[in-house]
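Trainee: I should like to take a close look at a single part of this structure. Please guide me through it step by step.

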Amino acid sequence: MSTTEAEAEAEAATSTATATATSTSTATATGTATEADIGAEAVARERVAGALRTDADVIADRWVQLQLAQPTWDGAVRETELREEADALVGALASALDSGMPVRHAVGGHRELHRAVTELSLRRAREGVSPTATSLAVLALKEALLEAVRRGPGDHSELFGSALLVNQLLDSAGALSFETYVEGREEIIRRQSRQLLEVSTPVVRLWRHVLAVPLIGTLDTARTQVVMENLLQAIQEHEAQVAIIDITGVPTVDTAVAQHLMQTVNAVRLMGADCLISGIRPSIAQTIAQLGIDLSTILTRATLADALDAAVRLTAASSGAADGSGVSVGSGGSLGTVRPGGPLADL
Amino acid sequence: MNGASPAGVPILRLGDVLVTGLLNELDDKSAVAFSEELTARITRDGARGVLIDISRLEIIDSFVARTLMELTTMARLLGARVIVSGMRPPVAITLVELGLQLTGVETALNAERGMAALGWRQNSPPPEGALA
Amino acid sequence: MHDVRTEEDLLTIRHAVRAATLREGFSIVDQTRVVTAASELARNAYIHGGGGTLTVESLTRPGGGIRLTIRDEGPGIADVEAALTDGFTTGAGLGHGLGGARRLMDEFEIRTAVGRGTTVTVTRRAGR
């Protein structure tokens, strides 16, 4: 724990150092130019900030209009939401400029501004807005802001300085927006593939105390893991005695997946239930045979129907018998050979 | 003879079956003490069956696995059948991934099934309102 | 940093590692995997390494995760390949400690030299 904290501190220290170095070099560069340049930067800053303050509503309105007018606009984000975003971002830009933070660090360093940009991008990522439309949305703010700056007082060189500042500010906002958008999309894809895994591996109750997982399509390690977790959970919930894994719909498996299937069988047994595998195709039988797995402890049936038949017999036998019921023996026990007491009990 | 043993784990007797369970906070010394206590009780009580409920165990590492396997073998040699009941799904998954199959250890889904397998079942009619 | 000097330390370590996996948002199965691996490795350090230390770190990389480092100044391992093989044991376990811990985690690294102790570093990513 202490190491991590130390590392985090070191990292923070490094980034602060870099930031300081950058701003120092900027200052030096402007210093070697003319004193007037520093003044020009301050003037531009004040001018843009002033426009943001006095014309906040006009800028926000104009930005919303520009977005609505864009050909890529598809209505995924409602106009009222656009207006809220605009108010938040315009306000954040003003307070970022007022904070005196260097313009090139404002988007990354100013908390309110950073949040306004990321929220805007994540919303578009979630609503399925295209990356182009998201980029254009941020660029449209540049237009709205420049128009407001032009309306204000000042000569051409002041206007140029302000335009430069607006560009710097909104280009970094655009970069952050794009990065956030991509991360947001990736997160959605990850979540969807997890959900897809869940729905593609349903555990169904076939009979009293009998569960089945009908698997269809390609099995990979991730899916086999989900099957194992879902199946064991369902066994516990339903107090199932027999679990059937039907792989009729699985064309082929690699050795890793075959091994995971065998692990699943063993895990089911450790929980105290029996596991049957049905519908093994010849090609899969070959893979399993090549693995050299001892199949004497694995119960298999040709079809799901045969497996269900065997499962029902198993549960019926155990509810009627005096003992040998509902018990699994690790490696060595198999269907019909559950021995009360095991091999040494009769000694 | 019910109550806390040196290992801090109670061992109850129901007819010729001993019923006990492992706690999550079992350290190595207690596990060894528990093994000794249980084998002594099997002999003294003439038990024919032992139910070890592990539904409260949040992890089983190779040491606990070894303890369970040795207990099963010792009990068999003393004439008693051991059933381990109630293993949690994450524990079962982790055990097989560790490469431990608890060879020779009989398992049951829960304590009730385990007791039934040991021949200890309710023959008298269930109380009013209970499920048969 | 946690000491691995007594049997009680083994329990303390399990608690600490469990708490760390909870903070990282691990699923219950992944929590169990990591805590079990920690238990195996800490016991190895305690029994074979004459005691040592365990460090828990959370990963800062995207998605998060956990890194455990178990270090001892014991006799070291002469034949690492053999020690990683199932069934290899010189102590009280089942000989699945090292190999098992490797299977339970995503990444596994062991550095050891005879007479100079053993350091095992394992990581598991969250949200797989």
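Trainee: To begin, how many helices and how many strands make up the secondary structure of chain B? After that, I request a close account of the sheet in chain C and of the helices that lie on it.

Mentor: The model is a predicted one, and in it chain B has four helices and five strands. Read from the N terminus, the elements of chain B follow the order β-β-α-β-α-β-α-β-α. Of its 132 residues, 59% are counted as buried.

Let us now turn to the sheet in chain C. Five strands form an open sheet there, arranged in the order S1-S2-S3-S5-S4, with antiparallel pairing. Strand S1 (2–4) and strand S4 (107–112) of chain C each have a single partner strand, so they stand at the edges and one side of each is left without a neighbour in the sheet. From one strand to the next, the twist averages 15°.

At one of these edges, S4(C) is joined by six bridges to strand S5 (residues 118–125) of chain C, and the two run antiparallel. Within this pair, Glu109(C) is found opposite Thr121(C) of S5(C).

The helices complete the picture. Helix H1 (residues 7–23) of chain C lies across S1, strand S2 (52–58) and strand S3 (65–72) of chain C, and runs at about 145° to S1(C). Helix H2 (residues 28–47) of chain C also packs on the sheet, where it touches S1, S3 and S5 of chain C. The direction of H2(C) makes about 10° with that of S3(C).

Note on methods. Residues are numbered from 1 along each chain as its sequence is written. Chains are lettered from A and ligands numbered from 1 in the order in which they are written. This is a predicted model: local features need pLDDT of at least 70, side-chain atom pairs count only at pLDDT 80 or more; totals for chains, interfaces and linings use all residues. Side-chain values use heavy atoms; hydrogens and water are left out. Buried means under 20% relative accessible area, exposed over 50%, partly exposed in between (1.4 Å probe, protein chains only). Two strands pair if DSSP finds at least two bridges between them. Axes are lines fitted to C-alpha atoms, for helices over the stretch in contact, and angles run from 0 to 180 degrees between N-to-C directions. Contact means heavy atoms within 4.5 Å.
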